[in-house]
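Hi everyone, thanks for coming. Let's have the picture up on the screen, and then I'll walk you through the packing and the charged pairs.

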Amino acid sequence: MSSKLVMEAEREIEGLLRGFPKALRVWEAVKKDPEVAASWEMANYIAVRKMKYSDHGEAHAKIVAANALKMLDLLEEAGVEPDIVRDGLGDRDDARVVVLLAALLHDIGNQVDREGHGFYSAVLASGVVNRLLSTVYEDPCKRTVIKGFILHAIHTHMEEALSRTIEASVVKVADGTDMTKGRSRLPFDMGNVNIHTVSAMSIERVEVARGSEKPVEIRVYMTNSAGIFQVEEILYRKLESSAITDYVDILAVTVPEGSPVDERVVRKIVTMGGRLKHLTD
C-alpha cells in the first residue's frame, strides 16, 4: 500500500513541476539522495515503531509535497502570489523549490524526538538544503534566501506555530490532508477502539480541488461521522494557524449520501465565516 501511495504521489509531483526546471532538478536530486532516504527511515523508526504514531516517512512526505504543490497552483490561478514572488525575492519556480523541499523534509526531526520535531526538522534539514540547492543555485545569496523560506516552512508546520508565508502555509495545510484510512496525523494504537482509532479509520479519501467560492477546497469524504475528529483537531487547526485562511474552504461529508448503514450524527461540516459549521440535515 505504501509503495503504491509513493508512486502515485511521485507522478503527481512530476506533473505539477512540469515547466519548472529548477524545481524539477531539485526533485531529481532528492530522489537519489541517500541522506534524505535515511532520514525518512529514521523518522519512521521513532514515530511509528517506538511511539505508535502513523507514517511520518517517505510516503507521508511525498503525499504532502503533492498536495502542497497542488494548492500552490490553485492559489496562483486565482491571483494569489507566493510571498517569494510578491516580495521580489524569487520567481514561481523558486516558490516550488521552497514548497517541494519544505514538504519533503518537514518531518525528519521525528528521528530526534516527536516533541519539538518542527525545530529538529529545521536543524537537520539545514545541511541537506544547502547541498541540494547548490546543484541549482550558484549565487550564495539567492541560496540563503531560498533556504530561509524553506526552514520557516519546516519549523512552523505544526498547529502551535504561525506560518507567515503562503509557501509555509500550503505545506502546513497539506500536512493535515494526509489522513486517509488510518493515515491520521494523530497517534493511535490499532489494538484499541477509541475516538482516535475510529476517526482515523473513517476517512475514505481527501481531495484538494478548485473551490467554488475560494481558490482551494479541501474535500474530506468520511464513512462515519467520527471522522470529524480528524478534520477539527488537525486539518482545521492547521488552516487556522496559516496565512491562507481566506483562500481555503474545508468540506467534509459522510458517504455514501443515501446510505442507511451509518446513522450520521453529522452529515456535513463546512468552513463558514472563519469557523467550522456542523450541518445535521
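So, the nonpolar core: the largest one in this predicted model has 71 residues, and the members that touch the most others are Leu100, Ile150, Ile218 and Val220. Let's take Leu100. Leaving aside residues up to four places away in sequence, Leu100 touches Ile13, Leu17, Ala23, Val26, Trp27, Ala65 and Leu69.

Now have a look at helix H6, residues 92-105. Its 14 residues reach 20 Å from first C-alpha to last, close to the 20 Å expected. Is H6 mostly covered or mostly open? Mostly covered: 13 of the 14 residues are buried. At the N-terminal end, Asp91 acts as the cap, with a side-chain oxygen 3.1 Å from the backbone nitrogen of Asp93. Asp91 also belongs to a network of salt bridges with Lys22, Asp94 and Lys142.

On to the charged pairs. How many salt bridges does the structure hold? The count is 23. In one of them, Lys62 pairs with Glu10, and the closest N and O atoms are 2.6 Å apart. Lys62 sits in helix H4 and Glu10 in helix H1, so this pair ties together parts 52 residues apart in sequence. Both Lys62 and Glu10 are buried.

Another salt bridge joins Lys238 to Asp175, at 3.0 Å between the closest N and O atoms. That pair links helix H11 with helix H9, 63 residues apart. Lys238 counts as buried because its relative accessibility is 1%, and Asp175 is buried too, at 2%.

That's my tour, and I'm happy to take questions!

Technical notes
Residues numbered from 1 in each chain as written. Predicted model: local features only at pLDDT ≥ 70, side-chain atom pairs only at ≥ 80, totals over all residues. Heavy atoms only, no water. Helix = DSSP H or I, 4+ residues; strand = E, 2+ residues; numbered from the N terminus. Expected span 1.5 Å × (residues − 1). Buried < 20%, exposed > 50% of the residue type's maximum accessible area, 1.4 Å probe, protein only. Polar contact = N/O pair within 3.5 Å; in protein donor to acceptor, adjacent residues only side chain to side chain. Core = buried A, V, L, I, M, F, W, Y, C linked by side-chain atoms within 4.5 Å. Contact = heavy atoms within 4.5 Å. Salt bridge = Lys/Arg side-chain N within 4 Å of Asp/Glu carboxyl O.
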